[in-house]
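Reader: I would like to go through this model one point at a time, with each cut-off given where its term comes up. Please begin once the sequence and the structure are in view.

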Amino acid sequence: MKLYEFQGKEIFKKYNIPIQSGFLINENDEVKNLTSPLVLKSQVLTGGRGKAGGIKLWEGDTDVSQIINELFSLNIKGEKVRAILALEKVDILREIYISITFNRGKSTPVLIVGTSGGMDIEKSAQSDKDNIHFIEFDPFIGILDYQIRLIAKKVHLKDVSGFRKIIKAMYQIFKDYDAVLIEINPLAVTPLGLMAIDSKVDLDDKASFRHQALFQELEEEQESLKDKKDSNDLESTDDTITFVPLSGDIGVISDGAGTGLLALDLISDFDGKVASFCELGGITNSEIMLKALRLVNNQSSLKSILVVLIGGFNRMDHMAEGIIQFKKELKEDIPIFIRMCGTKEEVGKQLMKDENIPVYNSLIDAAEAAVKEARGN
Ligand code: GDP
Ligand code: MN
């Protein structure tokens, strides 16, 4: 999970990494009595904001609300700006690059330090390899003082003690939060000492179960800042449902990827066109079935739905309950064709028959019927 700059900096603050003081401006916030000079930074998850015009300096001689409106109207690499971080401007004497991430090849964490950080780090890392240093270290021992002294010398930094505090704090955050990346670019040398001007924090989604409250809090904070996904994107609306919109008129729901793909092939063999591929993700229940049907039914081109189920762990009576529930909420009827077999198959089939929903033993027959319906015969 990638964090916004302001979220990363909140963590930095907790670990005493020096940052500028500032505040967040949300869309439609009234801004009054601001003191210049301020750096106004659009909060987006993509990098290269500065280059894309997403960072503006307000020196007090112009109308600040105009700059703010300008930033809110930006679209940075497809991301709309929904919040601006306003920071007290600091004088920057020098910019350094610093990050901690994993060297997966060597299975170690690695500290990366660049002599000249800033917006061109990717270029300078390519053109001037001597300016970038990689220090792999033992995760149990951490980064040792001598390594920090050595690297401070290499990047010509005098404030070794300030540098050490920041590196140690970064590694502590890296561990405490199960991060995969903590990046400060630039780490600036300022008249007030070293300061994190930017923050990039990426947390390991696979470790989210260890930080449930934190992930929930961060996600809630991000919810209002993110765009809703385009309906044509591959999206996962539920932890377990995979939904891939396609361009045809037959919706396919399966409780496993294999049977789902087989159903797509069969539809294609019968000259049908698939509207969407929706896979419930293995072990499932009536609620997930209901959600999947709602999702598939959202497509305007839809003419029929094919549901293919193999009850191993899944109970067909539960699947049938989800389908019946869906039928009940429908305003406009949509024909559903079902192939179900396995656990509690008889109960499931009986429930379907009671509701006059066609149920098949053969996947081929069910696919053919769904195609015929879509074709109108
Ligand atoms: P990015 O473009 O998304 O990486 O945004 P950054 O937060 O890294 O800012 C880009 C650049 O703007 C930095 O490398 C700095 O050169 C400049 N910048 C940002 N904040 C300040 C500030 O407070 N003072 C000065 N002098 N420059 C700043
Ligand atoms: Mn940056």
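Reader: Where is the place of F140?

Author: In this predicted model, helices and strands are DSSP runs (H or I of at least four residues, and E of at least two, respectively), numbered from the N terminus. By that assignment, F140 has its place in the loop between β9 (132-136) and α4 (145-154).

Reader: How are residues, chains and ligands numbered, and which pLDDT do side-chain atom pairs need?

Author: Residues are numbered from 1 along each chain as its sequence is written, while chains are lettered from A and ligands numbered from 1 in the order in which they are written. Side-chain values use heavy atoms, with hydrogens and water left out, and totals for chains, interfaces and linings use all residues, whereas local features need a pLDDT of at least 70 and side-chain atom pairs count only at pLDDT 80 or more.

Reader: Is F140 buried or exposed, and what area does the nonpolar patch that F140 helps to make have?

Author: Buried means under 20% relative accessible area, exposed over 50% and partly exposed in between (1.4 Å probe, protein chains only), so F140, with a relative accessible area of 82%, is exposed. A patch joins nonpolar side chains (Val, Leu, Ile, Met, Phe, Trp, Tyr) within 5 Å, or like charges within 9 Å, among residues with over 30% relative accessible area and no salt bridge. F140, I141, L144, Y146 and L150 make such a nonpolar surface patch, and its area is about 600 Å².

Reader: Which residues coordinate the manganese ion?

Author: Donors are N, O and S atoms within 2.8 Å of the metal (3.2 Å for Na, K and Ca), and the site may look incomplete because water is not among the atoms. The manganese ion, ligand 2, has its donors at 2.2 to 2.3 Å, and these are an O atom of N185 and an OD atom of D198. The pair links distant parts of the chain, 13 residues apart, with one partner in strand β10 (residues 179-190) and the other in the loop between β11 (193-196) and β12 (200-203). With relative accessibilities of 10% for N185 and 18% for D198, both count as buried, and the coordinating residues are N185 and D198.

Reader: How much of the accessible area of ligand 1 does the protein cover?

Author: A residue is near ligand 1 if one of its heavy atoms lies within 4 Å, and 16 residues surround this ligand, the closest being K41, R49, G50, V90 and E95. Taking polar contacts as pairs of N or O atoms within 3.5 Å (within protein, one atom must be able to donate a hydrogen and the other to accept it, and residues adjacent in sequence count only if both atoms are side-chain atoms), an oxygen atom of ligand 1 is 2.6 Å from an N or O atom in the side chain of K41, and one is 3.0 Å from such an atom of D198. On its own, ligand 1 has 560 Å² of accessible area (Shrake-Rupley method, 1.4 Å probe), and the share that the protein covers is 83%.

Reader: How far apart are the closest N and O atoms of K349 and E345?

Author: A salt bridge is a side-chain nitrogen of Lys or Arg within 4 Å of a carboxyl oxygen of Asp or Glu, and the count comes to 19. Because K349 and E345 are four residues apart in helix α10 (residues 345-354), about one helical turn separates them. K349 is buried at 12%, E345 is buried at 17%, and the closest N and O atoms of their salt bridge are 2.6 Å apart.

Reader: Which strands hold K200 and E183?

Author: The side chains of K200 and E183 meet in a salt bridge at 3.9 Å, N to O. K200 counts as partly exposed at 33%, whereas E183 is buried at 14%. The two residues are 17 apart in the chain, and their strands are, respectively, β12 and β10.

Reader: What is omega at the peptide bond between N185 and P186?

Author: Most peptide bonds are trans. The bond that joins S36 and P37, however, is cis, with omega about -5°, and P37 lies in the loop between β1 (22-26) and β2. P186 has its place in strand β10, and the bond joining N185 and P186 is also cis, with omega about 5°.
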